[in-house]
Amino acid sequence: AASPARPPVVWLHFQECTGCSEALLRASHPDIARLILDLVSLDYHETVMAAAGHQAEAALADTLKRHEGRFICVVEGGIPTKDGGVYCRIGGRTAMEILADVAPRSAAVIAIGNCAAFGGIQAARPNPTGAVGVRDLVADHSVVNVPGCPPNPVSFLGTVLHYLTFKRLPPTDHLGRPLFAYGRKIHDHCERRAHFDEGRFAEAFGDANHRRGYCLYKTGCKGPETYNSCPAVRFNDVGAWPVGVGHGCIGCSEPGFWDTMTPFYER
Ligand code: SF4
Ligand code: SF4
Ligand code: F3S
């Protein structure tokens, strides 16, 4: 059962690939077991909850009733708005209806991933389902965006732990992204930056300069336009991040990156 120190979490899945949940399942600081068993009470999450069907929907209704105004709502996925929102339905309700029901009754909303924050790949042109991010629909509620595709679990966990510790969401930039994770550009703390400054570039994937670990700007790296913590935090203790393993940043924490950051590859 939830206690004040262990707030209930309702996790809504809309138009998404579950990559954000998958990344979080591999988190280690804290790991997912400690998060959902000790720190929060994960009352509803379609991927990891034991319940299914009517039982699952009953768990959601029960949490909303018992913990009105106290639970954290996490949203993973974009929300289709075209044609009355018919392109995503769960338990007979559209994603739009579910979000409109759940979000205003929560203490705060965390939009995890680029899909929930900005619409993600669903919203890429021509955006056939009219997908949008959470803030487009619940602008007047407390919503923090933790974008990325997927975001580093540390950014999400840091947001949750900040909320648990200080009882409020962390300070954010103008796009609602926590400054602790999205306050600096990739390019400003990239390990290849010295190569950029000295004009040493990989000209094509697989060339000698690529193998030497030179800057990836000429192959399409979007690090100079992207705010995220990847070079500093890396992913899940394996020490890897896109640029570190030789692939340019594609700007996955920026709004509309599927359109605005393309082409991802220049050579
Ligand atoms: Fe999947 Fe990326 Fe959307 Fe997360 S942000 S649900 S990883 S497509
Ligand atoms: Fe900047 Fe990308 Fe080059 Fe790193 S690899 S220095 S982020 S352009
Ligand atoms: Fe995304 Fe760029 Fe980091 S693609 S994971 S913001 S290096």
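**Figure 1. Pairing of C73 with V109 in strand 7 of the predicted model.** The bridge partner of C73 in strand 7 is V109. The structure shown here and in the following views is a predicted model. Strand 3 covers residues 72–76 and strand 7 covers residues 108–112. These two strands run parallel and are joined by 5 bridges.

**Figure 2. The open sheet of 5 strands.** The strands of this sheet follow the order 2-1-3-7-9, and their pairing is parallel. Strand 2 (41–45) and strand 9 (143–146) stand at the edges; each has a single partner strand, so one side of each is left without a neighbour in the sheet. From one strand to the next, the twist averages 20°.

**Figure 3. Helices lying across strands of the sheet.** Helix 3, formed by residues 53–66, lies across strand 1 (8–13) and strand 2. Its direction makes an angle of about 130° with strand 2. Helix 4, formed by residues 95–102, lies across strand 1 and strand 3. The angle between helix 4 and strand 1 is about 160°.

**Figure 4. The two assigned domains and the contact between them.** In the domain assignment of the protein chain, domain 1 spans 8–180 and domain 2 spans 186–260. The centres of domain 1 and domain 2, taken over C-alpha atoms, are separated by 28 Å. Contact between the domains involves 18 residues of domain 1 and 15 residues of domain 2. On the side of domain 1 that touches domain 2, the elements giving two or more residues are helix 5 (113–118) and helix 7 (153–166). Helix 7 gives the most to this side, with 3 residues. By class, the residues on the side of domain 1 that touches domain 2 comprise 10 nonpolar, 5 polar and 3 charged.

**Figure 5. The annotated C-terminal region.** An unreviewed UniProt entry carries the annotation "domain: Cytochrome-c3 hydrogenase C-terminal" for residues 182–265. Over residues 182–265, the chain is 23% helix and 0% strand. The end C-alpha atoms of this stretch are 24 Å apart.

**Figure 6. The surroundings of ligand 3.** There are 13 residues around ligand 3, and those that come nearest are N228, C230, P242, C249 and C252. The shell around ligand 3 consists of 8 nonpolar and 5 polar residues, with no charged residues.

Terms used:
Residues are numbered from 1 along each chain as its sequence is written. Chains are lettered from A and ligands numbered from 1 in the order in which they are written. This is a predicted model: local features need pLDDT of at least 70, side-chain atom pairs count only at pLDDT 80 or more; totals for chains, interfaces and linings use all residues. A residue is near a molecule or strand if its C-beta atom, placed from the backbone, lies within 6 Å of it. Ala, Val, Leu, Ile, Met, Phe, Trp, Tyr, Cys and Pro count as nonpolar, Asp, Glu, Lys and Arg as charged, and the others, Gly among them, as polar. Two strands pair if DSSP finds at least two bridges between them. Helices (H or I, at least four residues) and strands (E, at least two) are DSSP runs, numbered from the N terminus. Axes are lines fitted to C-alpha atoms, for helices over the stretch in contact, and angles run from 0 to 180 degrees between N-to-C directions. Two residues are in contact if their C-beta atoms, placed from the backbone, lie within 7 Å. UniProt positions are given in the numbering used here, feature names are shortened, and annotations may be inferred rather than shown by experiment. Domain bounds come from an automatic or database domain assignment.
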